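Me: I am new to reading protein structures, and I would like to learn how the labels are earned. Could we go through one together?

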Amino acid sequence: MPEAVYNRTTGAVLARRVVRCDTVLRRFRGLMFRRPPGEDEVYLFILPQESRLEAAIHMFFVFFPIAVVWLDGAWRVVDRALARPWRPFYAPRRPARYFLEGPPSLLDRVKEGDEIALS
């Protein structure tokens, strides 16, 4: 499990528990049929390349709202959204290489243009 995720722009720790979704199966499963992430937990999705389409998510079989924060290859926030249960499609406005899924309160601690890092 990787170290903490923090916002380099503000210095805020975003999560101390990070679940890596770095394989096709882990990315496919994501938060489907799982419990809501804790306030100090995020799922880190690692994509093979920057893309809008590959970074798109659905909320089928996710029974709670989540924050989604999309990052480019330089770990800069390119978009963010509150994803609601059973919605068919969320995609970033610009290509993303990584994205975080976590509790809705995550959106209070990041904004577009912020730099994110693992410590």
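Me: What is the order of the strands in the open sheet?
Reply: Happy to help! Keep in mind that this is a predicted model. The open sheet has five strands in the order E3-E4-E7-E5-E6, and their pairing is mixed.

Me: What makes strand E3 and strand E6 stand at the edges?
Reply: Count their partners. Strand E3 (17–21) and strand E6 (77–83) each have a single partner strand, so one side of each has no neighbour in the sheet. From one strand to the next, the twist averages 20°.

Me: How do you know that E3 and E4 pair?
Reply: Two strands count as paired if there are at least two bridges between them. E3 and E4 have five bridges, in the parallel sense, so they pass that cut-off. As an example, Arg 20 has Leu 44 in E4 as its bridge partner. E3 and E4 also belong, with H1, to a right-handed β-α-β unit.

Me: Why is Phe 33 called exposed?
Reply: Exposed means over 50% relative accessible area. Phe 33 has 55%, so the label fits. Phe 33 sits in the loop between helix H1 (24–29) and strand E4 (41–51).

Me: Why does Phe 60 count as partly exposed?
Reply: That label covers values between the buried limit of 20% and the exposed limit of 50%. Phe 60 has a relative accessibility of 33%, so it counts as partly exposed. Phe 60 is found in the loop between E4 and strand E5 (66–71). Both Phe 33 and Phe 60 help make a nonpolar surface patch of about 530 Å², together with Phe 61, Phe 63 and Trp 86.

Me: What makes the pair of Glu 115 and Arg 8 a salt bridge?
Reply: The rule asks for a side-chain nitrogen of Lys or Arg within 4 Å of a carboxyl oxygen of Asp or Glu. For Glu 115 and Arg 8 the closest N and O atoms are 3.7 Å apart, so the rule is met. Glu 115 is in the loop between E7 and E8 and Arg 8 in the loop between E1 and E2, so the pair ties together parts that are 107 residues apart in sequence.

Me: Are the partners Asp 79 and Arg 93 buried or exposed?
Reply: Here the two labels differ: Asp 79, at 6% relative accessibility, counts as buried, while Arg 93, at 55%, counts as exposed. Their salt bridge has its closest N and O atoms 3.0 Å apart. Salt bridges with shared partners join Asp 79, Arg 93, Arg 94 and Glu 112 into one network.

Conventions. Residues numbered from 1 in each chain as written. Predicted model: local features only at pLDDT ≥ 70, side-chain atom pairs only at ≥ 80, totals over all residues. Heavy atoms only, no water. Patch = residues over 30% accessible without salt bridge, like charges linked within 9 Å, V, L, I, M, F, W, Y side chains within 5 Å. Areas by Shrake-Rupley, 256 points an atom, 1.4 Å probe, with all protein chains shown as cover. Helix = DSSP H or I, 4+ residues; strand = E, 2+ residues; numbered from the N terminus. Buried < 20%, exposed > 50% of the residue type's maximum accessible area, 1.4 Å probe, protein only. Axes fitted to C-alpha atoms, helices over the stretch in contact; angles between N-to-C directions. Right-handed = clockwise from strand over helix to strand, strands pointing away.
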